[in-house]
Amino acid sequence: MADHAHGHGHEPAFHATTKDYVIGFVLSVILTAIPFWLVMSGAIADKSTTAIVITAFAAVQVVVHMIYFLHMNGKIEGGWNLMAALFTILLVAIILSGTLWVMFHLNANMMPVKMDGMG
């Protein structure tokens, strides 16, 4: 019976509390409300700056969800689920940056279409 208190006998099991869920919920609401307010009020005039700020809030919210709702940390399962998450983040970053790089260079290097009245 002692194994139930220690997960599978190797490490302590993680027990989420109501307090953890409430903290995660409150942080999620705040991290949603602030970008919503920024867009609706037009507090930041520059649209690209607004997009960067909203993306930063989204990244922080992903981390909040991973910690408070998915219970991912370096202690659970010997740190393997955290390593899997970091690997996934790395792959997504490589794919997104590569895609944006290719799209930018395709746009910059395409031959312009001349509209000189032919046709």
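Here are a few friendly notes on this predicted model, taken point by point.

1. Overall layout. The chain contains three helices and zero strands, and reading along the sequence gives the pattern α-α-α. Of its 119 residues, 13% count as buried. The accessible surface comes to about 9800 Å², with 75% of that belonging to carbon and sulfur atoms.

2. Contacts along the chain. Taking the contacts with a separation of 6 or more, 51% are between residues 24 or more positions apart. One pairing of distant parts of the chain is picked up in point 5.

3. Helix α1 as a rod. Does the length of α1 fall short of expectation or agree with it? At 1.5 Å a residue, its 24 residues should span 34 Å, and the end C-alpha atoms are 34 Å apart, so the two values agree. The helix covers residues 18-41, and Gly 42 follows with a positive phi, near 70°.

4. The two sides of the α1 story. Which residues of α1 are buried? They are Gly 24, Ser 28, Leu 31, Pro 35 and Leu 38, and what covers them includes α2. A nonpolar surface patch of about 490 Å² is also worth a look: Val 22, Phe 25, Val 26, Val 29, Ile 30 and Ile 34 make it up. Val 26, one of the patch residues, lies in α1. Its relative accessibility is 40%, and because buried means under 20% and exposed over 50%, Val 26 counts as partly exposed.

5. The aromatic pair. How many aromatic pairs does the model contain? The count comes to one. The ring centres of Tyr 21 and Phe 69 are 6.2 Å apart and the planes meet at 25°, so this pair is stacked. The cut-offs are worth having in mind here: centres must lie within 6.5 Å, and planes under 30 degrees apart count as stacked. The pair links distant parts of the chain, since Tyr 21 sits in helix α1 while Phe 69 is in the loop between α2 (47-68) and α3 (80-109), 48 residues apart.

6. Exposure of the two rings' residues. Are Tyr 21 and Phe 69 buried or partly exposed? Tyr 21 has a relative accessible area of 37%, so it is partly exposed. Phe 69, at 29% relative accessibility, also counts as partly exposed.

Definitions and conventions: Residues are numbered from 1 along each chain as its sequence is written. This is a predicted model: local features need pLDDT of at least 70, side-chain atom pairs count only at pLDDT 80 or more; totals for chains, interfaces and linings use all residues. Side-chain values use heavy atoms; hydrogens and water are left out. Patches are made of residues with over 30% relative accessible area and no salt bridge: like charges are joined within 9 Å, nonpolar side chains (Val, Leu, Ile, Met, Phe, Trp, Tyr) within 5 Å. Accessible areas come from the Shrake-Rupley method with a 1.4 Å probe; for residues, only the protein chains shown count as cover. A salt bridge is a side-chain nitrogen of Lys or Arg within 4 Å of a carboxyl oxygen of Asp or Glu. Helices (H or I, at least four residues) and strands (E, at least two) are DSSP runs, numbered from the N terminus. Buried means under 20% relative accessible area, exposed over 50%, partly exposed in between (1.4 Å probe, protein chains only). Rings of Phe, Tyr and Trp (its six-membered ring) pair if their centres lie within 6.5 Å; planes under 30 degrees apart count as stacked, over 60 as edge-to-face and the rest as tilted. The expected span of a helix is 1.5 Å times one less than its number of residues. Contact means heavy atoms within 4.5 Å.
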